[in-house]
Amino acid sequence: MNDKKRGSYVDLSDETVHWELGASQSYGDYLQLDKLLAAQRPNSLEHDEMLFIIIHQVQELWIRLILHEVTAVMESVRRDNLDSSFKCFERISRVQEELLGAWRVLSTLTPFEYSAFRNTLGRSSGFQSAQYRELEFVLGNKNRDMIVVHQRDAAAHKKLEQVLYAPSLYDEVLRLLSRRGYEIDAATLNRDFSEPYVATKQVTAAWLSVYHNAVKDWDLYELAEALVTLDHKFQLWRFHHLKTVERVIGYKKGTGGTGGVSYLAKALELKFYPELWQARTSM
């Protein structure tokens with residue numbers, strides 16, 4: 001018996017650990033951690049700037065995943081095969097919860113701490129996030145003025161221009177309703193997709209019919225509720241953004257030139273899918 005005392009540790013003697021990787025890629029290689037973890041480059045020596053950078057990088061990664069999932073949802077809608085879309089909607093919903101959590105972490109940054117490095121940001125601002133703008137366009141909030149700020153990045157500007165003129169998720173959903181026999185005016189289906197969507201009573205009536213015919217068109221009923229959940233959580237994200245900004249900088253102007261809190265407040269009443277909300281009043 002070995003009487004030598006050992007410290008507390010996990011015994012790996014019966015585990016077939018690959019201590020040598022050979023020609024296989026490693027965990028760090030697969031995730032490109034050398035690039036990912038080298039991307040945090042504060043402008044100052046202030047301790048709290050690292051938090052600010054990482055929170056925004058994490059949100060960009062989550063937005064990238066939402067765009068990936070929304071692309072799959074749109075393909076399901078075009079094929080009129082909604083089953084696979086509901087898993088994607090559920091994943092989007094979970095990611096939206098993580099995005100809300102990011103604001104809770106950022107709200108630990110005090111006004112004094114932020115002011116110590118804010119001036120080093122120059123004019124850089126979340127307003128310039130190409131991915132965020134793409135997500136809003138894809139979900140249905142079209143505004144061609146928003147792509148002007150991306151002119152210095154030719155690739156981002158071109159991508160946003162393409163998404164601006166393409167049908168949004170909601171446009172594809174309305175086409176699906178029409179294919180299923182619900183009355184949607186041709187002017188709505190064939191509109192200029194670069195223009196902001198305008199709600200119509202006819203589309204509201206179509207959604208009311210979906211709810212009243214839920215037994216027959218259960219997948220459309222589920223689709224309607226998935227869209228409402230997505231829209232609802234996006235509104236919560238905007239609200240948490242506003243309150244975090246208000247907590248950290250008060251009513252100062254944003255680094256991107258907007259009014260800060262006053263600008264963010266303008267978006268609080270925005271809804272991607274207005275008729276789905278209007279239909280609730282009529283049920």
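# Exercises on a predicted all-helix chain

**Exercise 1.** Is serine 262 buried, partly exposed or exposed?

*Solution.* Serine 262 has a relative accessibility of 43% and so counts as partly exposed. The structure used here and in the other exercises is a predicted model. Two cut-offs are needed for this step: buried means under 20%, and exposed means over 50%. The value of 43% lies in between, so the class is partly exposed. To locate the residue, look in helix H12, which covers residues 261-266. For a distance in space, take lysine 252: serine 262 and lysine 252 are 10 residues apart in sequence, and their C-alpha atoms are 9.5 Å apart.

**Exercise 2.** Find how many helices and strands the chain has, then decide whether the chain is a compact globule or more spread out than one.

*Solution.* Step one is the count: there are 13 helices and zero strands. Step two is the comparison of radii. The radius of gyration is 24 Å, whereas the globule rule gives 19 Å for 283 residues. The value for the chain is well over that of the rule, so the chain is more spread out than a compact globule. Step three adds the dimensions: along the principal axes, the C-alpha atoms fill a box of roughly 80 × 55 × 35 Å.

**Exercise 3.** Which residues have the most contacts inside the largest nonpolar core, and which helix gives the most to it?

*Solution.* Start with the core, which has 69 residues. Those with the most contacts inside it are Leu139, Leu177, Trp207, Leu223, Leu227 and Tyr273. Helix H11, residues 218-249, gives the most to this core, with 13 residues. Next, take one of the listed residues and find its neighbours. Leaving out residues up to four places away in sequence, leucine 227 touches Phe89, Leu169, Val173, Trp207, Tyr273 and Leu276. As background, nonpolar side chains in soluble globular proteins tend to be buried together. Over the whole chain, 41% of the 283 residues count as buried.

**Exercise 4.** Which residues form a nonpolar patch on the surface, and where is valine 17 found?

*Solution.* The patch consists of Val10, Leu12, Val17 and Trp19, and together they have about 430 Å² of accessible area. Valine 17 lies in the segment before helix H1 (27-31). Its relative accessible area is 34%, so valine 17 is partly exposed. For the surface as a whole, the chain exposes about 17000 Å², of which carbon and sulfur atoms supply 55%.

**Exercise 5.** Among contacts between residues at least 6 apart in sequence, what percentage join residues at least 24 apart?

*Solution.* Of these contacts in the chain, 71% join residues at least 24 apart.

Note on methods:
Residues numbered from 1 in each chain as written. Predicted model: local features only at pLDDT ≥ 70, side-chain atom pairs only at ≥ 80, totals over all residues. Heavy atoms only, no water. Patch = residues over 30% accessible without salt bridge, like charges linked within 9 Å, V, L, I, M, F, W, Y side chains within 5 Å. Areas by Shrake-Rupley, 256 points an atom, 1.4 Å probe, with all protein chains shown as cover. Salt bridge = Lys/Arg side-chain N within 4 Å of Asp/Glu carboxyl O. Helix = DSSP H or I, 4+ residues; strand = E, 2+ residues; numbered from the N terminus. Buried < 20%, exposed > 50% of the residue type's maximum accessible area, 1.4 Å probe, protein only. Core = buried A, V, L, I, M, F, W, Y, C linked by side-chain atoms within 4.5 Å. Contact = heavy atoms within 4.5 Å. Rg over C-alpha atoms; globule rule 2.2 N^0.38 Å.
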